[in-house]
Every structure is written in C-alpha cells, then in structure tokens.
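The report below goes through a protein model, beginning with its internal spaces and moving on to its sheets and to a pair of packed helices.

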Amino acid sequence: MDKKMVETFYGSFLHDIGKAIQRQESGVRKNHQTLGSEFIKDYTDDEQIIDALYYHHNQWEEKPTNLRNADIPADSAAYLTYIGDNIAAGTDRRYEEGGTRKWDHKIPLSDIFNRFGDQQGKRCLHPTEMRPDLVSDMDPLVVNEKEEFTPERYQRVVRLFKAGMQKVELTEDYIPSVMNLVEETMGEIPSDTAEDGEPDISLYDHMKLSAAFACAIKQYLDYHNDHDYQETLFGNGKSSYREKKFYKEKAFLLVGYEFAGTDDFINTITSKGAYKQLRSRAFYVEMLTRWFLDRLLAEMDLTEANVLYQNSHDGLFFVGNTGRNVQIIQKAQKRFNEFLLKNFGSKLYLALGTAEFSAADIKAGNSKLEEYQRVAKNYAELFKDLDSWIDRDLDQRYDMATLKRLNAFGKKSGRECAVCHSVMNLLPDENKCVLCGKLENFSQDIQKEKYFVVNDDSRGLPLDDEHYLHTVSEEEVQDQELSGKVYTKNSYASGKQQATHIWVSDFSRAPRNSFSYFSDREWRAEEELPTGIKRLGSLMFDIDDLHAKFLTGFYPQEGGKFTTISRFAELSRRIDLFFKLYLNQFAEDYHLSIIYSQGDDAFVLGAWDDLLDFAQDIRDTFVKWTDHKMTLSAAIGLFPDSMPINIIARQSKELLRAAKLAGKDRIALFSKENVLTFDEYEKDILEGKLRIIADFFDNESERGKVFIYKLLDLIRERQDRISFARLAYYLTRLEEASSNKENFRKFKQRIMTWFSDDKEISQVELALTLYVYSIREEE
C-alpha cells in the first residue's frame with residue numbers, strides 16, 4: 001500500500017472523530033472539523049491526514065492560524081476524503097423534506113430495525129461504547145426507556161479512544177487495530193444528530209463507508225492516470241460541474257461471493273475423530289473465507305473498510321472499478337478454487353459476481369420522495385445483477401479439463417481417511433488424511449486460545465498454497481516478534497500486524513469436546529432429578545427469508561427512502577453481533593456446544609431438553625432483537641451419541657427444511673410430523689398439554705405411569721371411531737382402579753376431547769413423548 005493510500009485511509013476513516021470530541025461539552029463553538037484536526041495532531045504530523053480532517057466539509061479558502069495555509073496540493077487526500085464523505089453522507093442521511101436541520105447532540109443511536117419492515121420502530125441503543133463481554137448493553141431500548149447520550153458519556157468514550165490511540169501508529173501495519181478501536185468506541189455513537197433525520201447509522205459505520213469510497217476513488221483515478229484530484233473532483237467550487245460529473249461515472253465495482261459446500265464440509269465426517277474436530281472444522285471454514293478476503297483486499301491495496309458484510313458462506317464488498325482490480329479478483333478466485341480443488345476435490349467452491357455502479361446510482365441528490373424511489377430501484381437492479389452472476393458462476397464452475405481431474409480423483413482406490421473418507425493426502429501408515437490430523441490437533445487449542453496467526457509455516461492448517469493458520473499465546477503476541485498476520489477472537493485487542501477481530505460463537509460445556517457428556521446426563525443425577533432419556537440432542541436454526549429481507553427490508557417505509565448501502569452494512573453488523581457474539585453469552589446457562597454460527601444460521605449439539613429451552617429462548621430473543629421484523633425456524637433431533645455426525649447433520653437439516661416448508665417462525669421436533677409455530681409450541685405444548693400431563697402423572701404411582709405407554713399406543717394407532725371406543729373403554733377401566741377418581745375423571749375428559757381433533761391429539765402425542773423422555777430412567 002503506497003503512502004498516499006495510507007494517508008487517504010486514515011484521513012477519511014478518522015475524518016469525523018471531532019464529532020465525539022465536540023459532544024463532550026455543551027455549547028462548544030468550534031466545529032468538529034477543527035476539533036478533529038487539532039486532536040489528530042497529537043498522534044501524527046502527516047499534513048495530508050490533518051488536512052483531510054480539517055477540510056472534509058469544503059473550507060478550502062480558509063486560512064486557519066492553528067494549521068498551515070489552505071493552499072493544499074492538487075493530489076491531497078483531503079479531496080478524496082471530501083468526496084468519500086459526501087457519497088457516504090448521501091447514503092446515510094435521510095431528512096424530512098423542508099426540515100429544520102436543528103441538532104440535538106444528546107440523541108442516542110437509533111435501532112437499525114426502526115426503518116426496517118412495514119412499521120416504524122421507536123427504539124434506540126445504549127449510549128456507550130461497545131463491549132463484547134457485556135452484550136446486554138447492545139440490546140435496543142424502547143422509546144420510554146431512552147437514555148440520553150450526555151456529555152459525560154461522550155467523555156468516557158473519548159477517554160477510551162485516546163487510550164487506544166496511545167498504543168497505535170498511523171501506519172499501514174496498524175490499520176486493522178485502528179479499525180478495531182473506532183468500532184469499539186464509536187460503534188454505538190450516532191453519526192448524524194439532526195432532529196428531523198434518522199440517526200440510525202453509527203459514527204463508525206459512516207467513517208468506515210467514507211474511507212471505502214475515498215480509497216476506491218483513488219484507485220479509479222490513479223488507474224486513469226488522473227492525479228489532479230482537486231480539478232477532477234472539485235473544480236472551481238462547491239457542487240461544481242466536475243463534482244457532479246464524477247458522481248455519474250461508474251467508478252465502483254460491487255463484488256459478491258458465495259462459498260458453496262461449507263455445511264457439508266463441516267458435517268460430512270463419519271467415525272473416528274469426528275466429534276474431536278467438528279468445531280475446528282467450522283472455525284477452519286470461517287478462516288478460509290476470511291483469509292481469502294483479507295489477502296484479496298491486500299493485493300488491491302485496500303482494507304476491510306470496503307467490506308459491507310462477510311461471513312463464512314457469503315459476503316459483499318466494493319472496490320474501484322479498474323481493470324487492475326478486475327484482474328486481481330479473477331486471479332484470486334482462480335487461485336483459491338485451485339487450492340480448494342487440490343485439497344478438497346469438488347466439496348468446496350467460491351463463486352463470485354460483480355456489478356459496476358456510480359455514486360449517483362446509490363446516493364440521493366435531494367430530500368424528495370421520487371429521488372429516494374429512484375435510488376431504491378437502482379439498488380434492486382444492482383443486487384439482481386450480482387445474484388445472476390453468482391448463480392451463473394455456480395452453474396458453470398468447472399471446465400472440461402477440471403472435470404477430468406475430478407474424475408481422476410474418483411478413480412482412486414485403496415486406503416481412505418477414517419474420518420472424512422477422503423482418498424487424497426493420506427498420512428503414511430495412518431488411516432487419516434493430513435488435514436484431519438491437523439484439525440484434531442487444532443481442536444484442542446481453538447477454545448482456550450484467542451489469538452491466531454497466519455504465516456508460511458506449513459505445520460499449520462493450510463489457508464492457501466502459501467499460508468497456514470496457527471494458534472498463538474497472548475504472550476507471543478505481546479512480544480510482537482511473530483511473523484505473519486495476527487487475528488483476535490471475540491476481542492477488540494489491538495497491536496502491530498493485528499487483523500481486525502473475528503467474532504466466533506464457540507461456547508461449549510462439553511469437556512474435551514466429548515459430546516457423550518450431553519447424552520450421559522450425569523448432572524441430572526447429581527441434582528437428584530430424573531435422568532431422562534439418554535440421547536444427544538441437535539439443534540439447527542436459520543433466519544427466515546434472510547436474503548430477500550436483506551434486499552427488500554427497507555423498501556416498505558416511505559417509498560424505499562431508507563434503502564441505502566450504509567443501512568445494509570449496519571443491519572448486517574447487528575445480525576452478525578447476535579449470531580456470533582450474543583449467542584456465546586446466551587448459551588452459558590445450558591448444557592450445549594455451539595458447533596458453528598455463520599451469521600444467519602447455527603448448528604448446536606447438547607442435552608436434548610436444554611436445547612428445547614434454548615431454541616425457544618433464542619427465537620424469543622431474536623424476534624425481540626429485531627423488533628419483530630424477522631423470525632427464524634428451528635429443528636431439534638434426538639440421537640444416540642454413537643450416531644455419526646454426518647447423519648445427525650443430514651437428518652437435522654431435513655427437519656429444518658420441513659419446518660421452513662410449513663411456513664415461517666416454526667420448529668420441528670424430532671420428526672417431520674411434529675412441526676409447530678413457536679407460539680403453538682410454547683402455549684399449546686409447554687404451557688398447555690405438557691403441563692396438564694405432568695401435573696397428572698407426577699401424582700400417579702409408578703404403576704399408573706405405565707398407562708402413558710398404552711395411551712401413546714392408542715393415539716398412534718388411531719384411525720376411526722373404533723379407536724375412539726377402544727380409548728374410552730381403556731380409560732374407563734383405569735378410572736375404576738384409580739385412587740383419585742375425580743382427578744382422573746378430569747384428565748380423561750380432556751383426553752377424549754382432544755382425541756376427536758387431529759391437531760389436538762397430535763399435540764397430545766408430542767407432549768406425552770416429551771414427558772416420557774423426561775422421566776425415563778436408563779442405565
């Protein structure tokens with residue numbers, strides 16, 4: 001990355017830090033440009049960075065005494081920052097037509113879901129810094145709980161920011177660390193506090209997007225040998241002809257990817273060593289995707305600022321629309337897929353799609369409804385083009401030569417890996433492949449370590465043909481003598497050569513990844529509770545229609561007014577926080593292990609009854625988190641702990657598919673026949689029939705409980721009125737022998753009423769099954 005690109009990044013990424021400084025005190029007369037530029041002088045003497053902060057609102061003719069003369073060079077990063085900020089602001093800011101433009105610096109950040117879906121929400125976030133160790137601070141507040149972002153709260157944030165700035169330098173090596181720092185301190189600060197606006201874009205996300213545009217613009221202009229940024233972007237004055245002309249140029253390239261086959265790769269392992277490496281496989285997939293993206297951006301001299309969202313199976317970013325970038329992207333995709341083919345055959349493939357766009361395509365030129373509708377329509381076309389390119393790539397992923405190579409892989413015979421059944425790269429004298437051997441070793445460290453390094457030491461997990469992943473200790477990181485790029489898990493830690501954090505849902509209560517702990521259920525006996533059926537539970541859940549909601553969720557309100565690239569990014573970050581960070585702390589009360597959580601779906605193994613509660617709690621929390629704008633569907637399976645994980649995963653996925661085919665907001669329990677809405681499960685099963693059944697049978701003798709199995713048989717065999725007569729006869733005989741005839745008579749009446757309704761009796765069968773599972777004692 002050349003010096004000018006580094007200056008452009010820092011100048012545009014930090015351009016609005018003066019807003020946080022300004023809001024520390026009431027009645028400050030200095031503007032945020034001046035405050036920011038004065039602040040940054042304590043950490044750099046680079047005039048291009050200082051100028052970018054001072055001049056980003058077009059004060060070119062001012063000659064401040066506290067800075068140098070405003071006669072800045074024509075290729076200054078300040079011009080790039082000015083345009084990048086204008087474009088980002090044009091996607092962020094949504095004002096009422098004819099509004100007052102009054103400001104209220106105590107306004108907290110609005111919840112991104114306020115303008116998502118049909119109904120406008122009234123929620124805001126806590127006025128504080130972001131704390132991964134206290135996710136509850138990220139819960140939205142309803143309007144009557146609104147907390148002001150007081151000067152005192154801003155003072156705390158600025159103190160934390162200053163402390164972080166003392167540990168970094170404004171050089172290329174520290175770019176990820178500075179991004180960590182700004183997200184941590186300014187990820188819940190509103191960028192815009194206009195009273196007639198919608199303050200739902202954080203200061204972090206606005207500055208990140210401004211940097212992405214500024215750096216992409218530099219690429220575009222440099223590619224065309226245009227280094228007179230002043231003339232091209234600014235011309236003779238504000239809103240000049242040249243500035244407007246540039247906004248119409250297709251200067252940007254939107255890039256989307258889909259990493260196909262990841263779920264099967266994680267779960268398609270069968271026998272020996274399967275459980276030991278299951279969670280390391282999920283983390284490995286996450287790092288494969290992350291490393292591909294980080295290396296690609298580095299080759300284009302860009303940063304993660306250009307990423308709108310990314311997870312282990314898809315993502316979206318944009319770059320300068322140049323021939324060089326297109327070539328780099330194509331070569332990187334080919335190189336990565338060659339690596340995947342060589343190591344995994346056809347199991348994994350990375351598909352890419354691109355679509356060019358201009359600033360005018362995505363930013364509103366004014367506050368009129370028709371202008372917002374124009375922009376919303378452009379987004380729809382842009383994403384449609386991108387999806388069609390990715391689908392085409394997936395359909396035509398292999399040429400004839402590659403297909404012949406794949407057939408050659410399939411013709412091999414003899415030894416195969418006992419874990420994944422691969423016949424490639426087998427270890428000498430062992431029944432496992434090189435990768436599975438490394439994954440088993442890696443799984444022992446993945447949970448306890450929070451630092452990882454990527455370098456050329458081939459003893460690690462391969463991320464491409466030249467780079468490998470290793471765990472490292474905190475002490476090694478602090479010594480700063482590591483070679484390679486360091487990643488931090490679930491932390492905003494910063495340091496030289498340290499990549500932006502990675503969020504990973506990796507909570508586990510299984511000692512040494514032994515999932516038989518969940519099926520043995522020994523903690524139940526220790527608590528003097530019925531052990532219950534000794535089975536391993538699986539849980540899969542997935543957001544309903546996420547792709548469609550992501551693309552269209554902001555359209556319903558005010559004619560698509562809030563359909564903006566910045567809101568897509570903010571929305572993705574919020575969902576990512578829930579699935580990759582919130583989930584860890586939420587799981588602490590349960591006996592379970594999160595195998596993976598990929599940004600919109602998750603796979604969990606654990607105690608079957610804890611998973612029942614966990615699924616309901618996750619659904620309720622997620623619906624609340626999204627202000628009832630999104631739902632998820634789930635499936636719970638029940639298996640012997642000896643069942644191969646590939647079968648558990650496949651059957652769980654089939655159950656989840658059955659739940660989603662039945663509609664939204666549904667849960668499938670143990671079989672495809674037991675699909676209910678979450679409300680039905682909670683009200684009709686847990687609070688209804690299961691409670692009635694438990695109240696009755698808990699007061700029965702062991703002899704009376706034998707009645708449950710006969711009752712289940714009669715329900716399962718029901719076909720016609722003869723079945724009803726058999727049930728009535730059987731219940732009458734039991735009633736005569738019952739010691740509490742009144743209690744039995746009430747229970748009998750309920751059963752007879754339910755039996756005549758297919759839906760009701762099906763729910764009774766499920767409730768009885770759940771009760772039997774909870775009381776069964778097994779050796």
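This is a predicted model, and it holds five cavities of 30 Å³ or more. The largest cavity encloses about 170 Å³ of space. Of the 19 residues that line the largest cavity, those closest to its centre are Ala282, Phe283, Val504, Ser505 and Ile595. Two elements, helix H12 (274–299) and S10, each give two or more residues to this lining, and the largest share, five residues, comes from H12.

The second largest pocket has a volume of about 990 Å³. It is lined by 35 residues, of which Asn86, Ala89, Gly90, Arg93 and Lys363 are the closest to its centre. The elements that give two or more residues to the lining of this pocket are helix H2 (17–22), helix H5 (77–92), helix H10 (241–247) and helix H15 (369–395), with H5 providing the largest share, five residues.

The table sets out the two linings by residue class.

| Space | Volume | Nonpolar | Polar | Charged |
|---|---|---|---|---|
| Largest cavity | about 170 Å³ | 10 residues | five residues | four residues |
| Second largest pocket | about 990 Å³ | eight residues | 13 residues | 14 residues |

Strand S10, which contributes to the lining of the largest cavity, also belongs to an open sheet of six strands, arranged in the order S10-S11-S9-S12-S13-S14 with mixed pairing. Strand S10 (592–597) and strand S14 (675–677) stand at the edges of this sheet and have a single partner strand each, so one side of each is left without a neighbour in the sheet. From one strand to the next, the twist averages 20 degrees. At the S14 edge, strand S13 (residues 666–669) and S14 run antiparallel and are joined by three bridges, and Ala668 stands opposite Val675 in S14. Helix H22 (residues 565–586) lies across strand S9 (536–543), S10, strand S11 (601–607) and strand S12 (632–639), and runs at about 155 degrees to S10.

Another open sheet is formed by four strands in the order S6-S7-S5-S8, and its pairing is antiparallel. Here the edge strands are strand S6 (461–462) and strand S8 (485–488), each of which pairs on one side only. Which strand does S8 pair with, and over how many bridges? Strand S5 (residues 451–455) is paired with S8 in the antiparallel sense over four bridges, and Phe452 stands opposite Tyr487 in S8.

The last topic is a helix pair. Two packed helices are described by the angle between their axes and the distance between the axes. For helix H1 (residues 3–13) and helix H4 (residues 47–55), the axes come within 8 Å and cross at roughly 30 degrees, and H1 passes H4 in a right-handed crossing. The contact is made by Lys4, Glu7, Tyr10 and Gly11 on the H1 side and by Gln48, Ile49, Ala52 and Leu53 on the H4 side. By class, this contact of H1 with H4 has four nonpolar, two polar and two charged residues.

Conventions: Residues numbered from 1 in each chain as written. Predicted model: local features only at pLDDT ≥ 70, side-chain atom pairs only at ≥ 80, totals over all residues. Heavy atoms only, no water. Pairing = 2+ DSSP bridges. Axes fitted to C-alpha atoms, helices over the stretch in contact; angles between N-to-C directions. Contact = heavy atoms within 4.5 Å. 1 Å grid on protein atoms, 1.4 Å probe; cavity = no way out; pocket = protein on both sides within 12 Å on 5 of 7 lines; lining within 4 Å. Points joined across faces, edges and corners; volume = space filled by probe spheres on them. Nonpolar A, V, L, I, M, F, W, Y, C, P; charged D, E, K, R; others polar. Left-handed = near helix turned anticlockwise from the far one by under 90°.
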